[in-house]
Amino acid sequence: MAEKEGILGQAITHEKSKAVLNGTLDNSAVKSTGSDNRRTGYNLFFSAPKGTSLLALVYGDNRIIDAHENDTKKAISMKI
């Protein structure tokens, strides 16, 4: 989708982000709001609990950071 919109590798502006969420993209090939067969987009945020982050950073335990990154990758790769 980013390639179709001409924004691949570019920073996303607030206006473009709002357009994506509203389904009003510049590319007419992308289904817009109100279309019966459009795909919903998801904005996912993965964050380790504060205690976990502190243990990893304060004590320098990279295993905690690696475990969180691996679990995040696993979650992202799941099909919904």
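The chain in front of you has four helices and zero strands. Read along the sequence, that gives the pattern α-α-α-α. This is a predicted model, so I will start with confidence before going into residues, because where pLDDT is low, the predicted coordinates should not be read in detail.

The mean pLDDT of the chain is 78, and 71% of its residues reach 70 or more. Among the elements, helix α1, residues 2-5, has the lowest mean, at 70. Helix α4 has the highest, at 91.

Next, the overall numbers. The chain has 80 residues, and 15% of them count as buried. The exposed surface comes to about 7200 Å², with carbon and sulfur atoms supplying 54% of that area. As for contacts between residues at least 6 apart in sequence, 22% join residues at least 24 apart.

Now to individual positions, beginning with helix α3. Ala56 is found in this helix. Is Ala56 buried or exposed? Its relative accessibility is 4%, and because the cut-off for buried is under 20%, Ala56 counts as buried. Leaving aside residues up to four places away in sequence, Ala56 touches Asp61, Ile64 and Ile65. There is also a distance to note here: Ala56 and Asp66 are ten residues apart along the chain, and their C-alpha atoms are separated by 9.7 Å.

One of those contact partners, Asp61, brings us to the charged pairs. How many salt bridges does the structure hold? The count is one. The partners are Asp61 and Arg63, with the closest N and O atoms 2.9 Å apart. As general background, side chains of opposite charge can pair when their charged atoms come close. Arg63 has 65% relative accessibility, so this residue counts as exposed. To put the two together, Asp61 touches the buried Ala56 and also pairs with the exposed Arg63.

Moving to the loop between α2, residues 14-22, and α3, residues 50-58, we find Ala48. Ala48 sits at 19% relative accessibility; the cut-off for buried is under 20%, so Ala48 counts as buried. With residues up to four places away in sequence not counted, Ala48 touches Ser53 and His68. Ala48 and Glu69 are 21 residues apart in sequence, and from C-alpha to C-alpha they are 9.5 Å apart in space.

His68 comes up again in the next item. Thr72 is located in helix α4, residues 62-77. Which backbone oxygen does the side chain of Thr72 reach? That of His68, at 2.9 Å. Thr72 has 16% relative accessibility and therefore counts as buried. So His68 is a contact of Ala48 and also provides the backbone oxygen for the side chain of Thr72, and both Ala48 and Thr72 count as buried.

Last, the surface. Which residues form a nonpolar patch there? They are Tyr42, Leu44, Phe46 and Ile76, and together they have about 460 Å² of accessible area. Tyr42 belongs to the loop between α2 and α3, the loop that also holds Ala48. Tyr42 has a relative accessible area of 59%, and with the exposed cut-off at over 50%, that is why Tyr42 counts as exposed. Within this loop, then, Ala48 is buried, whereas Tyr42 is exposed.

To recap the residue-level items: there is one salt bridge, Ala56 in α3 is buried at 4%, and a nonpolar patch on the surface includes Tyr42 and Ile76.

Definitions and conventions:
Residues are numbered from 1 along each chain as its sequence is written. Side-chain values use heavy atoms; hydrogens and water are left out. A salt bridge is a side-chain nitrogen of Lys or Arg within 4 Å of a carboxyl oxygen of Asp or Glu. Buried means under 20% relative accessible area, exposed over 50%, partly exposed in between (1.4 Å probe, protein chains only). Helices (H or I, at least four residues) and strands (E, at least two) are DSSP runs, numbered from the N terminus. Contact means heavy atoms within 4.5 Å. Accessible areas come from the Shrake-Rupley method with a 1.4 Å probe; for residues, only the protein chains shown count as cover. A polar contact is a pair of N or O atoms within 3.5 Å; within protein, one must be able to donate a hydrogen and the other to accept it, and residues adjacent in sequence count only if both atoms are side-chain atoms. Patches are made of residues with over 30% relative accessible area and no salt bridge: like charges are joined within 9 Å, nonpolar side chains (Val, Leu, Ile, Met, Phe, Trp, Tyr) within 5 Å. pLDDT is the predictor's confidence in each residue, from 0 to 100.
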